[in-house]
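Dear colleague,

I am handing over the structure below, which may be new to you. After it you will find a short account of what was found, arranged by region.

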Amino acid sequence: MTDVIVIGGGPAGLAAAISARDNGASKVVIIERDTCLGGILNQCIHNGFGLHRFKEELSGPEYASRFAGNLENIEVLTDTMVLEVTTDRVVRAVSRQHGYMELSAKAIVLAMGCRERTRGAISIPGDRPAGVYTAGAAQRYLNIEGYMVGKNAVILGSGDIGLIMARRMTLEGAKVHACVELMPYSGGLTRNIVQCLEDFDIPLYLSHTITRIHGKNRVEGVTIAKVGPDRKPIAGTEFDIECDTVLLSVGLIPENELTRGAGIPIDRRTNGAFVYENMETLSEGIFACGNVVHVHDLVDYVSAESERAGAAAAKYALGEKALGRVIAVENGEGVSYTVPQYIRPENCGKTASLFFRVRNVYRNVRITVRNGEKLVASFNREHMAPGEMESIVIPVSLMGDAEKLTVSIEEVK
Ligand SMILES: Cc1cc2nc3c(=O)[nH]c(=O)nc-3n(C[C@H](O)[C@H](O)[C@H](O)COP(=O)(O)OP(=O)(O)OC[C@H]3O[C@@H](n4cnc5c(N)ncnc54)[C@H](O)[C@@H]3O)c2cc1C
């Protein structure tokens, strides 16, 4: 029997598998549906990866290769699609080379990443011509297949992929007329707003949306309108931009079909599995990490989180179960989700790390962690935005006998 099976060979799966091996698991297998390892990093030829971890600005493939080059004693099955996972830790997969397979594992790590929201998911009215792509699909066409997707583009959504693609299309000779964002703030990292839009004079229309796509065979233009606080278009504010391409960067959805199929509880706020402090899901012996748990902004955090998952999976496979009382972590004012959602203090060491996103843009506020009314910890922040993942580290000694901890954003008094 395999000690640890890791599903997905992106940065999360790679870090988890290496960590499982380094923490004593003797048989570790990575299963990846693509023909090579690296996940989404393979199409991210821009730099900006690994600043925290390696103190270097690497491209996506360079970052992936730091891990893919360290896989001794790890079995890799590429071109292999996992079809089903069961809670008694059987993995059913299929590949051209091996056909249908059933593998049993002592522990499983889910690292399937996420996929992009499409036009259908956000229901943009208008014609259905060619030339509407998700930003990630366009990135793949451009960076891997070598096809230019258009010459005159408008980008809907200011998530990081859209911002990166605004720059990429411009560098390849296209004119990017605008990046249009429904919310009053950008969904991407500040560094990407500066380096990908401002440096190239691409206008960012906040609180705007595309209300119609025009064109019969190919996109010919879009109608854009301002939106009110209810996010609905305001009549009379419409204007048109001629373009042949619309790129959508309107959010990512963790790829949890396998998780759901196994009956593992999913947090509707993250769209990923509920997890404990060591990234174990609520199904014993099944762990999850990376974008399949929650959408990360930086790959460095994906690797760190996945190393914890891999180490915990190895421990579980070697017979060491994580036990102890459970503290639920709840979202207070201004917090849209936290990961983990549950902490077992006896399994934490001296501190527990919490990752979360905020609902709005905040300046000079404090993050509080409370046990009922009692303040457990607080952290001042000069600036926070929904596009940037936040993290705090809470000393376990301060948690006392709490059954529930609430994380909130409060004004500094
Ligand atoms: C366009 C883009 C630009 C980015 N830019 C930056 C940046 O500049 N800096 C930065 O730090 N981060 C950046 N990121 C974020 C970073 O790349 C991601 O956080 C990271 O790739 C997530 O890793 P992952 O392993 O969870 O997911 P992925 O990289 O998506 O890997 C998941 C893997 O699982 C496989 N898989 C899924 N389902 C199955 C199945 N059923 N069977 C077998 N295999 C399966 C997939 O094929 C894939 O290889 C960017 C992300 C994107 C999308």
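Helices and strands are DSSP runs here, helices being H or I over at least four residues and strands E over at least two, and they are numbered from the N terminus. Please bear in mind throughout that this is a predicted model.

With that naming in hand, one can place Pro 340, which is found in the loop between strand 23 (335–339) and strand 24. The peptide bond that joins Val 339 and Pro 340 is cis, with an omega of about 5 degrees.

Strand 24 leads on to a sheet. This is an open sheet of 5 strands with mixed pairing, and the order of its strands is 24-22-29-26-27. Strand 24 (342–343) and strand 27 (374–384) stand at the edges with a single partner strand each, so one side of each is left without a neighbour in the sheet. Within the sheet, strand 26 (residues 362–371) pairs with strand 29 (residues 404–411) in the antiparallel sense, over 6 bridges, and Arg 370 stands opposite Thr 406 in strand 29.

A further set of paired strands lies elsewhere in the chain. Strand 14 (residues 208–214) and strand 15 (residues 221–226) run antiparallel and are joined by 6 bridges, with Ile 224 in strand 15 as the bridge partner of Ile 210. The hairpin of these two strands has 6 residues between the strands, and in it Gly 215 takes a positive phi near 135 degrees. Strand 15 also pairs with strand 16 (residues 239–242), in the antiparallel sense and over 4 bridges; there Ile 224 stands opposite Phe 239 in strand 16.

Next comes the ligand. Which residues come nearest to the ligand, of the 38 around it? They are Gly 8, Gly 10, Gly 39, Gly 113 and Gly 290. By character, the residues of the shell around the ligand divide into 19 nonpolar, 13 polar and 6 charged. The shell draws at least three residues from each of domain 1 (1–116 + 252–322) and domain 2 (118–250). Among the elements that each supply at least two residues of the shell are helix 1 (11–22), helix 4 (135–145), helix 5 (160–171) and helix 8 (299–317), and strand 3 (47–49) and strand 6 (80–85) are also included.

Several of these helices pack against one another. Helix 1 and helix 8 have their axes 7 Å apart and pack at an angle of about 40 degrees; the two helices are therefore oblique to each other, and helix 1 passes helix 8 in a right-handed crossing. The axes of helix 1 and helix 2 (residues 60–68) come within 9 Å and cross at roughly 20 degrees, which makes helix 1 roughly parallel to helix 2, since angles under 35 degrees count as such. Here helix 1 passes helix 2 in a left-handed crossing. For helix 4 and helix 5, the axes come within 9 Å and cross at roughly 40 degrees, which makes helix 4 oblique to helix 5, and the crossing of helix 4 and helix 5 is left-handed.

One last detail concerns strand 3, which is one of the elements that supply residues to the shell around the ligand. In the loop between strand 3 and strand 4 (58–59) lies Lys 55, whose phi is near 55 degrees, a positive value in a residue other than glycine.

With best wishes

Methods: Residues are numbered from 1 along each chain as its sequence is written. This is a predicted model: local features need pLDDT of at least 70, side-chain atom pairs count only at pLDDT 80 or more; totals for chains, interfaces and linings use all residues. Two strands pair if DSSP finds at least two bridges between them. A residue is near a molecule or strand if its C-beta atom, placed from the backbone, lies within 6 Å of it. Ala, Val, Leu, Ile, Met, Phe, Trp, Tyr, Cys and Pro count as nonpolar, Asp, Glu, Lys and Arg as charged, and the others, Gly among them, as polar. Domain bounds come from an automatic or database domain assignment. Axes are lines fitted to C-alpha atoms, for helices over the stretch in contact, and angles run from 0 to 180 degrees between N-to-C directions. Angles under 35 degrees count as roughly parallel, over 145 as roughly antiparallel, 65 to 115 as roughly perpendicular and the rest as oblique. A crossing is left-handed if the near helix is turned anticlockwise from the far one by less than a right angle, and right-handed if clockwise.
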